[in-house]
Amino acid sequence: ADIPGARFSASLAQRAEQRAFWEARAKDICHVIDGLPAYREKMMLHYHYLLGYTVEAVAEVMGTSRSGAFRMKKRALELVAAALERREQLFAAG
């Protein structure tokens with residue numbers, strides 16, 4: 001599988017540039033998640049994507065059912081998509 005922006009045979013300087021790119025992307029993702037208005041959905045994404053918990057483990061930590069956790073994850077991703085769309089529109093207008 002090809003990973004966008006990653007060249008595994010890159011030089012040391014190119015790898016440093018790639019690392020900077022992915023660190024910036026990670027910070028951007030954290031910023032989008034932190035900006036979500038819904039606390040439970042924000043925590044779902046934090047536990048699942050940033051800390052690596054399974055959805056089932058997040059359900060247990062948050063005291064909800066497995067199916068409830070999957071619905072929460074879906075809502076959280078919809079919120080992220082809406083936030084990214086708003087940001088995209090702001091950049092396009094600016």
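1. R75 is partly exposed, at 38% relative accessibility. In this predicted model, its side chain meets that of E41 in a salt bridge, with 2.8 Å from N to O. The pair links distant parts of the chain: E41 belongs to helix 2 (residues 39-50) and R75 to helix 4, 34 residues apart. E41 counts as buried, because its relative accessibility is 10% and the cut-off for buried is under 20%.

2. A second link to helix 4 comes from R87, which forms a salt bridge with D28, the closest N and O atoms being 2.7 Å apart. This pair also joins distant parts of the chain, with R87 in helix 4 (residues 66-93), D28 in helix 1, and their positions 59 residues apart. R87 is partly exposed at 27% relative accessibility, and D28 is partly exposed at 22%.

3. D28 has a further partner in R25, where the closest N and O atoms are 3.8 Å apart. Here both residues lie in helix 1, 3 residues apart, which is about one turn of the helix. R25 has a relative accessible area of 39% and is partly exposed. R25, D28 and R87 are thus linked in a network of salt bridges. The count of salt bridges comes to 6.

4. On the fold: the protein chain has 4 helices and 0 strands, giving the pattern α-α-α-α along the sequence. The radius of gyration is 16 Å, well over the 12 Å that the globule rule gives for 94 residues, so the chain is more spread out than a compact globule. Its C-alpha atoms fill a box of roughly 45 × 35 × 20 Å along the principal axes.

5. On burial and contacts: buried residues account for 24% of the 94 residues. Of the contacts between residues at least 6 apart in sequence, 39% join residues at least 24 apart. The accessible surface is about 6,900 Å², and carbon and sulfur atoms contribute 59% of that.

6. A nonpolar surface patch deserves mention. I29, Y49, L50, L51, Y53, V61 and L77 form this patch, with about 610 Å² of accessible area together. One of these residues, V61, lies in helix 3 and is partly exposed, with a relative accessible area of 45%.

7. On confidence: the mean pLDDT of the chain is 88, and 90% of the residues score at least 70. Among the elements, helix 3 (residues 55-62) has the highest mean pLDDT, 96, and helix 1 (residues 12-34) the lowest, 87. Helix 1 is also the element that holds both R25 and D28.

Conventions:
Residues numbered from 1 in each chain as written. Predicted model: local features only at pLDDT ≥ 70, side-chain atom pairs only at ≥ 80, totals over all residues. Heavy atoms only, no water. pLDDT = per-residue confidence, 0-100. Helix = DSSP H or I, 4+ residues; strand = E, 2+ residues; numbered from the N terminus. Patch = residues over 30% accessible without salt bridge, like charges linked within 9 Å, V, L, I, M, F, W, Y side chains within 5 Å. Areas by Shrake-Rupley, 256 points an atom, 1.4 Å probe, with all protein chains shown as cover. Salt bridge = Lys/Arg side-chain N within 4 Å of Asp/Glu carboxyl O. Buried < 20%, exposed > 50% of the residue type's maximum accessible area, 1.4 Å probe, protein only. Rg over C-alpha atoms; globule rule 2.2 N^0.38 Å. Contact = heavy atoms within 4.5 Å.
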